[in-house]
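Student: I've got a model open and I keep tripping over the labels people put on residues. Can we go through what earns each label?

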Amino acid sequence: VQLQASGGGLVQAGGSVRLSCAASGNIFSINAMGWYRQAPGKERELVAIITSGGSTNYADSVKSRFTISRDNAKNTVWLQMNSLKPEDTAVYYCFAEGVRDRLGYVTAYWGQGTQVTVSS
């Protein structure tokens, strides 16, 4: 199973960026998908998560600014980030947990990070 993330880049404060992450491979179902981020010198933090049923949860720091969405059929998750702030600058990592393959094994996977830089 591979998670391919894309969409990072450099944006000015107040701008928007949309990240996407597609999971591919031996996948029967995925329970939850989402995004963590890690800024220089800081611990990795959960940004947003969405379940297969559509339930979402966000870090307090991004509520009302970020929106996570998902297409279960395409095993793809998106993170729409609006009203970006310099403190949102980080490497963003997508993840998929509760990934069940066609033999019934369940594992979690991480994608490669994508850099988001917000200039002031």
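**Reading the labels**

Tutor: Sure, and let's start with T114, which is buried, with a relative accessible area of 10%. Keep in mind that the model is predicted.

Student: Why is T114 called buried?

Tutor: The cut-off for buried is under 20% relative accessible area. T114 comes out at 10%, so it gets the label. T114 is found in strand β11.

Student: Which residues is T114 in contact with, leaving aside neighbours within four places in sequence?

Tutor: S6, G7, G8, L19, W35, A90, V91 and Y92.

Student: What makes T114 and G8 a polar contact?

Tutor: The pair of N or O atoms has to be within 3.5 Å. Here the backbone nitrogen of G8 is 3.2 Å from a polar atom of the T114 side chain, so the distance is within the cut-off.

Student: Now salt bridges. How many does the structure hold?

Tutor: There are 4. One of them joins the side chains of E45 and R37, at 2.6 Å from N to O.

Student: How do you know that E45 and R37 form a salt bridge?

Tutor: The nitrogen of Lys or Arg must be within 4 Å of a carboxyl oxygen of Asp or Glu. An Arg and a Glu at 2.6 Å fit that, so the label holds.

Student: Are those two partners buried or exposed?

Tutor: R37 is buried, because its relative accessible area is 6% and the cut-off is under 20%. E45 has 33% relative accessibility, so it counts as partly exposed.

Student: What about D60 and K63?

Tutor: They form a salt bridge too, with the closest N and O atoms 3.2 Å apart. D60 is exposed, because its relative accessible area is 64% and exposed means over 50%. K63 sits at 43%, so it is partly exposed.

Student: Which residue does D88 meet in a salt bridge?

Tutor: R65, with N to O at 2.7 Å. D88 lies in the loop between β8 and β9, and R65 in the loop between β6 (56–58) and β7, so the pair ties together parts that are 23 residues apart in sequence. Both D88 and R65 are buried.

Student: What makes R37, E45, R65 and D88 one network?

Tutor: Salt bridges that share partners join the four of them.

Student: And the nonpolar core: which residues touch the most other members?

Tutor: In the largest nonpolar core, which has 31 residues, those are W35, L79, M81 and Y92. Strands that each supply at least two residues include β1 (2–6), β3 (17–24), β4 (29–38) and β11 (114–119). β9 gives the most, with 5 residues.

Student: Why are β9 and β10 called paired?

Tutor: Pairing takes at least two bridges between the strands. β9 and β10 (residues 106–110) have 4, in the antiparallel sense, so they qualify. V99 has T107 in β10 as its bridge partner. Their hairpin has 5 residues between the strands, and G104 there takes a positive phi near 95 degrees.

Student: How do you know that β7 and β8 pair as well?

Tutor: By the same bridge count: 6 bridges join them against the required two, so they pair, running antiparallel. D71 has T76 in β8 as its bridge partner. In that hairpin, with 4 residues between the strands, N75 has a positive phi near 50 degrees.

Student: Which residues make up the covered face of β7?

Tutor: F66, I68 and R70, while T67, S69 and D71 make up the uncovered one.

Key. Residues numbered from 1 in each chain as written. Predicted model: local features only at pLDDT ≥ 70, side-chain atom pairs only at ≥ 80, totals over all residues. Heavy atoms only, no water. Core = buried A, V, L, I, M, F, W, Y, C linked by side-chain atoms within 4.5 Å. Buried < 20%, exposed > 50% of the residue type's maximum accessible area, 1.4 Å probe, protein only. Polar contact = N/O pair within 3.5 Å; in protein donor to acceptor, adjacent residues only side chain to side chain. Contact = heavy atoms within 4.5 Å.
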